[in-house]
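Trainee: Got a minute to go through a model with me? I'd like to talk about the fold, the core and the charged pairs.

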Amino acid sequence: MIAATASEALHVLDGLLYHESEVVSLRHHTDGGGDSDHVFALCALLGFQFAPRIPDLKSRRLYVFGKPSGYPTLEPLIGGRINMALIRAHWNDILRVAASIRTGTVTASLIMRQLASYPRQNGVAAALRELGRLERTLFTLDWIEDRELRRRTSRELNKGESRNSLARAVFIHRLGEIRDRTYENQQHRASGLNLVITAIVLWNTRYLNRAIAALRATEDVPEELLAHLSPLGWEHVNLTGDYVWASADQASENPDGYKPLRPLPEAAPMAA
């Protein structure tokens, strides 16, 4: 799952927990603006791996248990010490918050808005922040060391951006606005948009599968190349509402329900 900001990240947590489907998501991605300490803490407590993209590593601050001087290599990046006493003092309250979110008694977005509205001295909010600093530090160290983690996070976020681009294109060809006043009607509009997007993804997926099968009938297509395919393209989809129908004598029946694939291009002659 992906999100772009801290607010969106909290709403995505709602989606991860209460989607009422068989989909199991274990990793949660955000862009640079969505990696707050509280989100780090909640994701760790709820069993999700939080993997945000870190665009400006030099401004990232680490938090340690001892004195910064005890970590001479990392000392320029250390912003302070983790208050373990505060976490211990409010640990039971933190577990109650996590259990309430997990069981659906309260949503993650609602409880975090409530905690954010409290004064700075609120103990539970402060303890969650300290726990989040610990999780953020561990992730930052992994981010520095693991090149594949950086690549995977960027790759997943790019997929999310492709989906958002498709949604903007489908939404009345990038000119749409949701003008409904009630939340229920807004949900209906958003659900309709998601239904159209899902239909396009399904159509693309089926034809990609048929295209791969046709290619494999004449040449080798390695499995590792398929990971680079995406069913989120829409350049071939008519989004403007203009439809051109063939005449009756030009129409052909497709007993399998599919349009015929384009013929494979002939191989270019090898240079002498």
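Mentor: Sure, let's go from the overall fold to the details.

Trainee: What kind of model is this, and how are residues numbered?

Mentor: This is a predicted model, so local features need pLDDT of at least 70 and side-chain atom pairs count only at pLDDT 80 or more, while totals for chains, interfaces and linings use all residues. Residues are numbered from 1 along each chain as its sequence is written, and side-chain values use heavy atoms, with hydrogens and water left out.

Trainee: OK, how many helices and strands does the chain have?

Mentor: Nine helices and five strands. These are DSSP runs numbered from the N terminus, with helices being H or I of at least four residues and strands being E of at least two. Along the sequence the pattern reads β-α-β-α-β-β-β-α-α-α-α-α-α-α.

Trainee: And how much of the chain is buried?

Mentor: 30% of the 272 residues. Buried means under 20% relative accessible area, exposed means over 50%, and partly exposed is in between (1.4 Å probe, protein chains only). As for contacts (heavy atoms within 4.5 Å), residues 24 or more positions apart make up 64% of those with a separation of 6 or more.

Trainee: Which residues have the most contacts inside the largest nonpolar core?

Mentor: Leu 13, Phe 48, Ile 101 and Phe 139, in a core of 35 residues. Helices H1 (6–18), H2 (37–46), H3 (84–89), H4 (91–103), H5 (108–117) and H6 (123–145) each supply at least two residues of this core. H6 gives the most, with nine. By nonpolar core I mean a set of buried Ala, Val, Leu, Ile, Met, Phe, Trp, Tyr and Cys residues joined through side-chain atoms within 4.5 Å.

Trainee: What is Phe 48 in contact with?

Mentor: Leaving aside neighbours within four places in sequence, Phe 48 is in contact with Leu 13, Leu 16, Leu 17, Ser 25, Leu 26, Cys 43 and Arg 102. Apart from that core lies another, of eight residues, including Ala 167, Ala 169, Ile 200 and Leu 232.

Trainee: Ile 200 is in H8, right? What does H8 pack against?

Mentor: Yes, Ile 200 is one of the buried residues of H8, along with Ile 197, Asn 204, Tyr 207 and Ile 212. The buried residues of H8 pack against helix H7 (147–170) and helix H9 (223–226). H8 itself (residues 183–216) has 34 residues and reaches 49 Å from its first C-alpha to its last, close to the 50 Å expected at 1.5 Å a residue. That expected span is 1.5 Å times one less than the number of residues.

Trainee: Back to H2. Why is H2 described as largely enclosed?

Mentor: Eight of the ten residues of H2 are buried, so the rest of the structure largely encloses that helix. Among them are Asp 37, His 38 and Phe 40. Right after H2 comes Gly 47, with a positive phi near 90 degrees.

Trainee: Asp 37 buried, huh. What does Asp 37 form a salt bridge with?

Mentor: Arg 133, with the closest N and O atoms 3.9 Å apart. Asp 37 lies in helix H2 and Arg 133 in helix H6, so the pair ties together parts that are 96 residues apart in sequence. A salt bridge here is a side-chain nitrogen of Lys or Arg within 4 Å of a carboxyl oxygen of Asp or Glu. The structure holds eight salt bridges.

Trainee: Is Glu 130 buried or exposed?

Mentor: Glu 130 counts as buried, at 4% relative accessibility. Glu 130 also forms a salt bridge with Arg 133, at 3.2 Å between the closest N and O atoms. Those two are three residues apart in helix H6, about one helical turn.

Trainee: What about Lys 159 and Glu 156, how far apart is that pair, N to O?

Mentor: 3.5 Å, in a salt bridge between their side chains. Both sit in helix H7, three residues apart, so about one helical turn separates them. Lys 159 is partly exposed at 42% relative accessibility, and Glu 156 is partly exposed at 25%. Elsewhere, salt bridges that share partners join Asp 37, Arg 129, Glu 130, Arg 133 and Arg 136 into one network.

Trainee: Last one: where is Leu 141?

Mentor: In helix H6. Leu 141 is partly exposed, with a relative accessible area of 32%, and is in contact with Leu 62 and Leu 74, leaving aside neighbours within four places in sequence.
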